[in-house]
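Hello,

Here is the structure we talked about. Please open it alongside this note; my findings follow below.

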Amino acid sequence: QTVKAGAPVKVTVDVTNTGDREGDEVVQLYLTDTAASAPVPIRTLVGFDRVLLRPREKRSVTFTITPRQMSLIDDRGKRVIEPGEFAISVGGGQIGMKGTFTVSGERIDVAER
């Protein structure tokens, strides 16, 4: 998926309780800026949701990654969003999923948004 710089990104994941008992899961969404021009964390927690699932129940969980969550502080101390690839990881207590999206367009100042 490609999004314009400054646009939010929606991520939806299905969570299934494969067990025979009711279960409680904390679904976590992590973001990585793979081509940042300044030092950034390897992974940043950008969303989480606790879901209670009955046995064999499946539920969709949707997160929105905001422009600010995609931004970084550049070498001049300005918060900006840079074009490039971002990696997402969704996980919880068990299995994780991974994907990517690309931000297109020009580098923008987040304060302008």
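Which side chains of strand S2 (residues 9-16) point to the buried face, and which to the other? Keep in mind that this is a predicted model.

Val-9, Val-11, Val-13 and Val-15 share one face and are buried. Lys-10, Thr-12, Asp-14 and Thr-16 point to the other face and are not buried. The general rule fits here: in a regular strand, side chains alternate between the two faces of the sheet.

Next, the pairing. S2 runs antiparallel to strand S5 (residues 58-65), with eight bridges between them. Val-13 sits opposite Val-61 of S5.

Strand S3 (residues 23-33) has two partners to look at. With strand S4 (residues 44-53) it forms nine bridges, again antiparallel. Glu-25 stands opposite Val-51 in S4. With strand S8 (residues 84-91), S3 makes six bridges, also antiparallel. There, Tyr-30 stands opposite Ser-89.

Now the interior. The largest nonpolar core holds 24 residues. Those with the most contacts inside it are Val-27, Leu-29, Leu-31, Ile-65, Met-70, Phe-101 and Val-103. At least two core residues come from each of S2, S3, S4, S5, S8 and strand S9 (97-104). S2 supplies the largest share, four residues.

Met-70 deserves a click. Leaving aside neighbours within four places in sequence, Met-70 contacts Ala-7, Pro-8 and Val-9. Its other contacts are Leu-31, Ile-65, Ile-81, Phe-86, Phe-101 and Val-103.

Best wishes

Notes. Residues numbered from 1 in each chain as written. Predicted model: local features only at pLDDT ≥ 70, side-chain atom pairs only at ≥ 80, totals over all residues. Heavy atoms only, no water. Buried < 20%, exposed > 50% of the residue type's maximum accessible area, 1.4 Å probe, protein only. Pairing = 2+ DSSP bridges. Core = buried A, V, L, I, M, F, W, Y, C linked by side-chain atoms within 4.5 Å. Contact = heavy atoms within 4.5 Å.
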